[in-house]
Amino acid sequence: VRKQVISFKDGLEELTRALARQVEVRYETKVVSIQRQASGSWLLQCIRNSGVMETLEAEKVVVTTPAAAAADLLKPIQAELANALIQVDYPPMAAVH
């Protein structure tokens, strides 16, 4: 089976730009843990690049890290998903125009 490389017309960044127009985006912030609240919302423990810790509550969370980093973050709340993410293979690729 021949494999194909597919993308968006203006590259993969097109997806993240579309998401950013629809949701609140925090830049220069690392999420260190995610917890599900009894209310169904999510509690995120974060650290800003400035070193300031903050807690955010969100109805929805979009994880856009590489699979291994997502697995580390999600393992405490979704072990089965984390195990699947750790299996994601990133084969090397070069694009020549």
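Select Arg 36 first: Arg 36 stands opposite Trp 42, a residue of strand S2. The model on screen is a predicted one. Keep Trp 42 selected and look to its other partner, for Trp 42 also stands opposite Ala 58 in strand S3.

**The sheet**

Now show the strands around these residues. S1, S2 and S3 form an open sheet of 3 strands in the order S1-S2-S3, and the pairing is antiparallel. S1 and S3 are the edge strands; each has a single partner strand, so one side of each has no neighbour in the sheet. From one strand to the next, the twist averages 25°.

Step through the two pairings in turn. S1 and S2 run antiparallel and are joined by 7 bridges. S2 and S3, also antiparallel, are joined by 6 bridges.

Next, select the stretch that links S1 to S2. The two strands form a hairpin with 5 residues between them. In the turn, pick Gly 40, whose phi is positive at about 100°.

**A loop before the sheet**

Move back along the chain to Glu 28, which lies in the loop between helix H1 (13–22) and S1. Its phi is near 55°, a positive value in a residue that is not glycine. Most residues other than glycine have a negative phi. Is Glu 28 buried or exposed? Glu 28 is exposed, and its relative accessible area is 55%.

**Helix H2**

Go on to helix H2, residues 67–74, and colour Ala 67, Ala 70, Ala 71, Leu 73 and Leu 74, which are buried. These residues cover an arc of only 165° around the axis, which puts them on the same side of H2. An α-helix has 3.6 residues a turn, so residues three or four places apart point the same way.

What do the buried residues of H2 pack against? Select strand S1 (29–36) and helix H3 (79–86): the buried residues of H2 pack against both of these elements.

**The nonpolar core**

Now turn to the largest nonpolar core, which has 13 residues. Within this core, Ile 34, Leu 44 and Leu 85 touch the most other members. Strand S2 (42–48), strand S3 (53–58), H2 and H3 are the elements that give two or more residues to the core. Which element gives the largest share? That element is H2, with 5 residues. In soluble globular proteins, nonpolar side chains tend to be buried together.

Centre the view on Leu 44 and show its contacts, leaving aside its neighbours within four places in sequence. Among the residues in contact with Leu 44 are Val 31, Ser 33 and Ile 34. Others in contact with Leu 44 include Glu 54, Thr 55, Leu 56, Ala 58 and Val 61. Ala 58 has been met before, as the residue opposite Trp 42.

**The whole chain**

Finally, zoom out and show the full cartoon. The secondary structure comes to 3 helices and 3 strands, and from the N terminus on the elements run α-β-β-β-α-α. The C-alpha trace spans about 45 × 30 × 25 Å along its principal axes. The radius of gyration of the protein is 16 Å, whereas a compact globule of 97 residues would have one near 13 Å.

Colour by burial to end the tour: buried residues make up 15% of the 97 residues. Among contacts between residues at least 6 apart in sequence, 17% join residues at least 24 apart.

Notes:
Residues numbered from 1 in each chain as written. Predicted model: local features only at pLDDT ≥ 70, side-chain atom pairs only at ≥ 80, totals over all residues. Heavy atoms only, no water. Buried < 20%, exposed > 50% of the residue type's maximum accessible area, 1.4 Å probe, protein only. Helix = DSSP H or I, 4+ residues; strand = E, 2+ residues; numbered from the N terminus. Arc of directions from axis to C-beta. Contact = heavy atoms within 4.5 Å. Core = buried A, V, L, I, M, F, W, Y, C linked by side-chain atoms within 4.5 Å. Pairing = 2+ DSSP bridges. Axes fitted to C-alpha atoms, helices over the stretch in contact; angles between N-to-C directions. Rg over C-alpha atoms; globule rule 2.2 N^0.38 Å.
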